[in-house]
There are 2 protein chains.
Amino acid sequence: MKYPNGKKASEKFTKKSDAPHHDTSRRGMTLESEINKSNEYYLAYKICNIHKKPTPITIVNVSYPSRNKAKITEAYFKIPSTTDYNGIYKGRYVDFEAKECKSRTAFPFSSIHAHQIKHLADVLEHGAIAFIIIRMTYYNIDYLIKAEDFLLYYNSTDRRSIPYDWIKENGYVIANTYLIPVDFIKTIDDIYFKEDLDDQEDQ
Amino acid sequence: MKYPNGKKASEKFTKKSDAPHHDTSRRGMTLESEINKSNEYYLAYKICNIHKKPTPITIVNVSYPSRNKAKITEAYFKIPSTTDYNGIYKGRYVDFEAKECKSRTAFPFSSIHAHQIKHLADVLEHGAIAFIIIRMTYYNIDYLIKAEDFLLYYNSTDRRSIPYDWIKENGYVIANTYLIPVDFIKTIDDIYFKEDLDDQEDQ
């Protein structure tokens, strides 16, 4: 488990890395609403410009109860062909999917559509900063998994899920604060913009 | 009017730049569907990864006529807080809005929501390639207007629209082919990735 500041889990939690976080302030808020809140903060302070895409739907019927108001009366959810979040940070294109995981032991691949995995691989080829945020709800820890790492595992396994041990080993724990409940930009800074610094620290 | 190859309108159309294009193959297809078709081509050939965002809606009621099928029975359109299109090209974040304009003489600012103009200014600050595609339907010409140019005009005028003369002077004509009906990537190449070359040609 890689911590935001580059420290390994063992340095911080020795033997307790499986202990649930009891951050009651977060209780009841979904990962999506917390990422949205974080993005609003980032936007207001001009840190980055990242948005959740609207839910894709197919509209079948629209009625016009009054002249200026269109009411959708029949529509269906579509399978998304891209991830839910994208935008720009420090000139770089950023793209990610976010999922909550209730299992204590593994993250099932079925949580992410095949289209979305293909999309992550594609934007990566074009030079994106691409990743998946997984909230392990039991432990109440959010992990950032680089798309590179995720795809490597996904393409080399016959398993239907990623073991939590792999996530702890390869994921980066995302900090949370009251103002920025899912501070993934801090994590991006540590991973993608401070590699030189980390190299120095490791020596 | 700047042509894709850097030539000025006068070199190509002398005195005829106002003449309507009679490209009948295009008739009946909307700008949106043509941009989507172009994006599908770009995606298939790994040229870029740009998508239209789904239409933002507020869902009020969902029913479940069968176990696996959710039917949205009441929803309303929301005002978008971002532009419709974004993605990645050659490692750069790309962001744009596309509008058809029926007027022969001017493009009304009311066609674009204030939120979207603010959004363009914001992503520009973060280093995006940002622009507006305007289809002048009478002339059947698609123009790419750099967000920088658009914002400069928008912020310095009391007018409620951009005159067509300004669009011809400052916009870049977007090429259209059967496979790529709105070939804005070619235009991006000419504007953002060939500036050195253009400078040489101008000498």
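Q: Which residue just after α2(A) takes a positive phi?
A: Happy to start here, with a reminder that this is a predicted model. Directly following α2(A), the backbone has a phi of about 50 degrees, and the residue with this positive value is Lys46(A).

Q: What length does helix α2 of chain A reach from its first C-alpha to its last?
A: This helix covers residues 31–44, so it has 14 residues, and at 1.5 Å a residue the expected span is 1.5 Å times one less than that number. The expectation comes to 20 Å, and the model is close to it. From first C-alpha to last, α2(A) reaches 20 Å.

Q: Where around the axis of α2(A) do its buried residues lie, on the same side or on opposite sides?
A: A residue counts as buried here if 20 or more other C-beta atoms lie within 10 Å of its own. In α2(A) the buried residues are Ile35(A), Ser38(A) and Asn39(A). They cover an arc of only 100 degrees around the axis, and therefore they lie on the same side.

Q: Which strands of chain A are included in what covers the buried residues of α2(A)?
A: The residues to be covered are Ile35(A), Ser38(A) and Asn39(A). Their cover includes three strands of chain A, namely β1, β4 and β5.

Q: Which element gives the largest share of the side of chain A that touches chain B?
A: Let's turn to the contact, which takes 30 residues from chain A and 29 residues from chain B. On the chain A side, the elements giving two or more residues are β1, β3, β4, β5 and α3. The largest share is eight residues, and it comes from β3(A).

Q: How many nonpolar residues are on the side of chain A that touches chain B?
A: That side also holds nine polar and seven charged residues. The nonpolar residues number 14.

Q: Which residue of β3(B) stands opposite Ile72(A)?
A: β3(A) is joined to strand β3 of chain B, residues 69–77, by four bridges. The two strands run antiparallel. Opposite Ile72(A), in β3(B), stands Ala75(B).

Q: How are the two copies related?
A: Chain A can be laid on chain B by a turn of 180 degrees, with a shift of 0.0 Å along the axis and an RMSD of 0.0 Å. The same surface serves both copies, as 97% of the contact residues of chain A recur in chain B. The turn and shift thus relate the copies as by a two-fold rotation axis.

Definitions and conventions
Residues numbered from 1 in each chain as written. Chains lettered and ligands numbered in written order. Predicted model: local features only at pLDDT ≥ 70, side-chain atom pairs only at ≥ 80, totals over all residues. Contact = placed C-beta atoms within 7 Å. Nonpolar A, V, L, I, M, F, W, Y, C, P; charged D, E, K, R; others polar. Pairing = 2+ DSSP bridges. Buried ≥ 20, exposed ≤ 12 C-beta atoms within 10 Å, placed from the backbone. Arc of directions from axis to C-beta. Least-squares fit on C-alpha atoms with pLDDT ≥ 70 in both.
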